[in-house]
Amino acid sequence: WFSEEEVESAKMLGDQVGIALQSLRAFEEKERLLLGILLALTRSIDAKSKWTAGHSERVAMYSERIGARLGLDEEEIRPLSFSAILHDIGKIGISERILDKPGKLTDEEYAIIKEHPAMGARIISDIPSYESILPGILYHHEHWDGSGYPEGLRGEEIPLASRIITVADVFDAIT
């Protein structure tokens, strides 16, 4: 059968696998907790306005579907989804008076609205290991022709995640 040395090696390997599985479970639990917190924060932002209820979650769903259709893998879709769910998080710093204004925004009000992508990126930038979601948040209002904000990026200068979120965001807004 097996020598004492082989049995001992198998036990040590089993212990290491068990520890690795526990670490993976702990990581997944922390990830679910963080996602839950981010969802709650996003829902609180969406709740600031009667026009935006559920918007961020729908944008995330559309973004995931677009990403899948484009052939992105799970490693690319996951940060895309996080970016999409948080794309408007910077609106937490924008007054409801401006967000819900029934008429046309003044130039000053529009300038304030245009700050939400950068504000959102600053909010998220302190979360360790989430640098990959920042471009989707920061650049989701850039336009292919360079007329968007905050930096006036054009064409393929705009990160793919941001382009996907833009399409999903506009689709949700017009439907």
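The legends below describe several close-up views of a predicted model.

**View 1. A nonpolar patch lies on the surface of the predicted model.**
The side chains to look for in this view are Leu-13, Val-17, Leu-21, Leu-24 and Phe-27, which form the patch and have together about 470 Å² of accessible area. One of these residues, Leu-21, is found in helix α1, the helix that covers residues 4–46. Leu-21 has a relative accessibility of 42% and therefore counts as partly exposed, since that class lies between the limits of 20% and 50%.

**View 2. Arg-32 and Glu-29 form a salt bridge within helix α1.**
The structure holds six salt bridges, and in the one shown here the closest N and O atoms of Arg-32 and Glu-29 are 2.7 Å apart. Side chains of opposite charge can pair when their charged atoms come close. Because Arg-32 and Glu-29 stand three residues apart in helix α1, about one helical turn separates them. Glu-29, with a relative accessibility of 45%, counts as partly exposed.

**View 3. Arg-97, Lys-101 and Glu-109 are linked in a network of salt bridges.**
In one link of this network, Glu-109 forms a salt bridge with Arg-97, and the closest N and O atoms of the two are 3.4 Å apart. Glu-109 belongs to helix α5 (residues 107–113) and Arg-97 to helix α4 (residues 96–99), so this pair ties together parts that are twelve residues apart in sequence. Glu-109 also meets the side chain of Lys-101 in a salt bridge, with a distance of 2.7 Å from N to O. How do the members of the network stand with respect to the surface, buried or exposed? Glu-109 counts as buried because its relative accessibility is 10%, whereas Arg-97, at 56%, counts as exposed. Lys-101 is partly exposed, with a relative accessible area of 28%.

**View 4. Helices α2 and α3 pack in a roughly antiparallel arrangement.**
Helix α2 covers residues 55–69 and helix α3 covers residues 74–85, and their axes are 8 Å apart where the two helices pack. The angle between α2 and α3 is about 155°, and because an angle over 145 degrees falls in that class, the two helices are roughly antiparallel to each other. The crossing of α2 and α3 is right-handed.

**View 5. Helix α8 crosses both α2 and α3 at an oblique angle.**
Helix α8, which covers residues 160–174, has an axis that comes within 8 Å of the axis of α2, and the two cross at roughly 130°. That angle makes α2 oblique to α8, and the crossing of this pair is right-handed. The axes of α3 and α8 come within 10 Å and cross at roughly 50°, and these two helices are therefore also oblique to each other. As for the handedness of this second pair, the crossing of α3 and α8 is right-handed.

**View 6. Tyr-130 lies in the loop between α6 and α7.**
The loop that holds Tyr-130 follows helix α6, at residues 116–124, and leads to helix α7, at residues 134–138. Tyr-130 counts as buried because its relative accessibility is 10%, a value under the 20% limit for that class. Pro-79 is the second residue to find in this view, for the C-alpha atoms of Tyr-130 and Pro-79 are separated by 8.1 Å, while the two residues are 51 residues apart along the chain.

**View 7. Ser-44 of helix α1 is shown together with Val-167.**
Ser-44 lies in helix α1 and is partly exposed, with a relative accessible area of 36%. Along the chain, Ser-44 and Val-167 are 123 residues apart, and in the model their C-alpha atoms are separated by 23 Å.

**View 8. A cis peptide bond joins Tyr-149 and Pro-150.**
Most peptide bonds are trans. In this view, the bond to find is the cis one between Tyr-149 and Pro-150, for which omega is about 15°. Pro-150 has its place in the loop between α7 and α8.

Technical notes. Residues are numbered from 1 along each chain as its sequence is written. This is a predicted model: local features need pLDDT of at least 70, side-chain atom pairs count only at pLDDT 80 or more; totals for chains, interfaces and linings use all residues. Side-chain values use heavy atoms; hydrogens and water are left out. Patches are made of residues with over 30% relative accessible area and no salt bridge: like charges are joined within 9 Å, nonpolar side chains (Val, Leu, Ile, Met, Phe, Trp, Tyr) within 5 Å. Accessible areas come from the Shrake-Rupley method with a 1.4 Å probe; for residues, only the protein chains shown count as cover. A salt bridge is a side-chain nitrogen of Lys or Arg within 4 Å of a carboxyl oxygen of Asp or Glu. Helices (H or I, at least four residues) and strands (E, at least two) are DSSP runs, numbered from the N terminus. Buried means under 20% relative accessible area, exposed over 50%, partly exposed in between (1.4 Å probe, protein chains only). Axes are lines fitted to C-alpha atoms, for helices over the stretch in contact, and angles run from 0 to 180 degrees between N-to-C directions. Angles under 35 degrees count as roughly parallel, over 145 as roughly antiparallel, 65 to 115 as roughly perpendicular and the rest as oblique. A crossing is left-handed if the near helix is turned anticlockwise from the far one by less than a right angle, and right-handed if clockwise.
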